[in-house]
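The exercises below are to be worked with the sequence and the coordinates at hand. Each task is followed by a solution in steps.

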Amino acid sequence: MNYTKPYTPPTLTVDAVIFQVNNNTLEVLLLKRPNEPFKGEWALPGGYNAKGETTTDALERVVFQKTGVKIKDDLRYIEQLYTFDTINRDPRGHAVSVTYMGCGRNITYNEDLEVAFFDVNKIPKLAYDHTNIIKYAKERLIAKMTYTNSAFAFLDRRFTLTQLQTVYEIVFGREFDKRNFRKKFLSLNLIHETNKLWRDGAHRPAKLYEFNSSKLENLDRSLD
């Protein structure tokens with residue numbers, strides 16, 4: 001491309017897709033935009049990447065300022081999702097978004113801000129291209145859970161096999177055969193049985209398990 005005017009780089013921004021499992025739903029964190037463009041509409045937490053900041057530095061700063069969520073403390077894991085660079089995605093001009101996906105459990109946010117978790121299947125009209133970004137992130141999460149131990153991000157340290165299967169069914173949006181799911185998951189050697197039991201009212205106590213690692217790891221075999 002031949003430039004007839006001085007080169008102007010695109011604006012660099014960061015955005016966060018933050019998921020949690022709550023009330024038998026997969027939820028995503030949104031905030032209501034206080035300013036134009038898209039004033040009053042819901043959007044993903046995001047903002048400008050300042051000079052001298054890495055994208056992860058910018059993400060931590062922006063997400064905390066706008067939601068009260070501390071990336072390192074409140075999320076069990078986070079990864080770079082994708083770089084969205086459609087030229088017309090921001091009405092103010094060409095803006096490139098380095099987007100991250102994070103997952104956690106019982107995530108707390110600043111209730112004095114206009115921030116809320118929404119059922120990922122019932123999100124309101126969103127600013128920019130954020131609806132498509134969330135769709136992409138959900139698809140990535142589903143794929144991730146077929147070949148990594150990422151489900152640990154949504155569970156207590158100790159959990160039953162029923163609780164584990166429930167998380168998979170919520171994220172995938174479908175039911176799994178109980179016997180086949182347990183047989184397949186146990187064959188992956190991702191979790192181990194503890195000497196603790198889950199007691200829930202009059203129900204028979206259930207064995208509690210733990211993941212072998214509390215960090216994101218790839219599997220040698222796929223759950224699918």
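A residue counts as buried under 20% relative accessible area, as exposed over 50%, and as partly exposed in between. The model is predicted.

**Exercise 1.** Classify Phe38 by its relative accessibility, and describe its pairing with Tyr128.

Solution. Phe38 has a relative accessibility of 26%. This value falls between the two cut-offs, so Phe38 is partly exposed. Next, take the ring geometry: the centres of Phe38 and Tyr128 are 4.8 Å apart and the planes stand at 65 degrees. Planes over 60 degrees apart count as edge-to-face, so this pair is edge-to-face. Finally, locate the partners. Phe38 is in the loop between S2 and strand S3 (42-43), and Tyr128 is in the loop between S7 and H3, so the pair ties together parts 90 residues apart in sequence.

**Exercise 2.** Describe the aromatic pair of Tyr168 and Phe185, and place it among the other aromatic residues.

Solution. The ring centres of Tyr168 and Phe185 are 5.7 Å apart, with 75 degrees between the planes, and the pair is edge-to-face. Tyr168 belongs to helix H4 and Phe185 to helix H5, so the pair ties together parts 17 residues apart in sequence. Both Tyr168 and Phe185 are buried. The two residues are members of one aromatic cluster that also includes Tyr77, Phe152, Phe159 and Phe211. The structure holds 16 aromatic pairs.

**Exercise 3.** Check the length of helix H4 against expectation, then find what its buried residues pack against.

Solution. H4 covers residues 161-172, which is 12 residues. At 1.5 Å a residue the span should be 16 Å, and the end C-alpha atoms are 16 Å apart, so the two agree. The buried residues of H4 are Leu161, Leu164, Gln165, Val167, Tyr168, Ile170, Val171 and Phe172. They pack against strands S1, S2, S8 and S9 and against helices H3 and H5. After the helix comes Gly173, with a positive phi near 75 degrees.

**Exercise 4.** Repeat the length check for helix H1, and decide how its buried residues are distributed around the axis.

Solution. The 13 residues of H1 (residues 55-67) should span 18 Å; the end C-alpha atoms are 17 Å apart, which agrees. Thr55, Ala58, Leu59, Val62, Val63 and Thr67 are the buried residues of H1. They cover an arc of only 120 degrees around the axis, so they lie on the same side of H1. Gly68, just after H1, has a positive phi of about 85 degrees.

**Exercise 5.** Which strands pair with S1, and in which sense?

Solution. S1 and strand S6 (residues 95-104) run parallel and are joined by 10 bridges; Leu12 has Val96 as its bridge partner in S6. With strand S4 (residues 46-48), S1 pairs in the antiparallel sense over 3 bridges, and Val14 stands opposite Gly47. With S2 the pairing is antiparallel over 4 bridges, and Phe19 stands opposite Val28. S1 and S2 form a hairpin with 2 residues between them, and Asn23 in the turn has a positive phi of about 50 degrees. As 9 of the 12 residues of S1 are buried, the strand is largely enclosed by the rest of the structure.

**Exercise 6.** Is Asp129 buried or exposed, and what does its side chain contact?

Solution. Asp129 is in the loop between strand S7 (115-119) and H3. Its relative accessibility is 16%, so Asp129 counts as buried. The side chains of Asp129 and Arg89 are joined by a polar contact of 2.8 Å. Leaving aside residues up to four places away in sequence, Asp129 touches Phe84 and Arg89.

Definitions and conventions:
Residues are numbered from 1 along each chain as its sequence is written. This is a predicted model: local features need pLDDT of at least 70, side-chain atom pairs count only at pLDDT 80 or more; totals for chains, interfaces and linings use all residues. Side-chain values use heavy atoms; hydrogens and water are left out. The expected span of a helix is 1.5 Å times one less than its number of residues. Buried means under 20% relative accessible area, exposed over 50%, partly exposed in between (1.4 Å probe, protein chains only). Contact means heavy atoms within 4.5 Å. A polar contact is a pair of N or O atoms within 3.5 Å; within protein, one must be able to donate a hydrogen and the other to accept it, and residues adjacent in sequence count only if both atoms are side-chain atoms. The arc is that of the directions from the helix axis to the C-beta atoms. Two strands pair if DSSP finds at least two bridges between them. Rings of Phe, Tyr and Trp (its six-membered ring) pair if their centres lie within 6.5 Å; planes under 30 degrees apart count as stacked, over 60 as edge-to-face and the rest as tilted.
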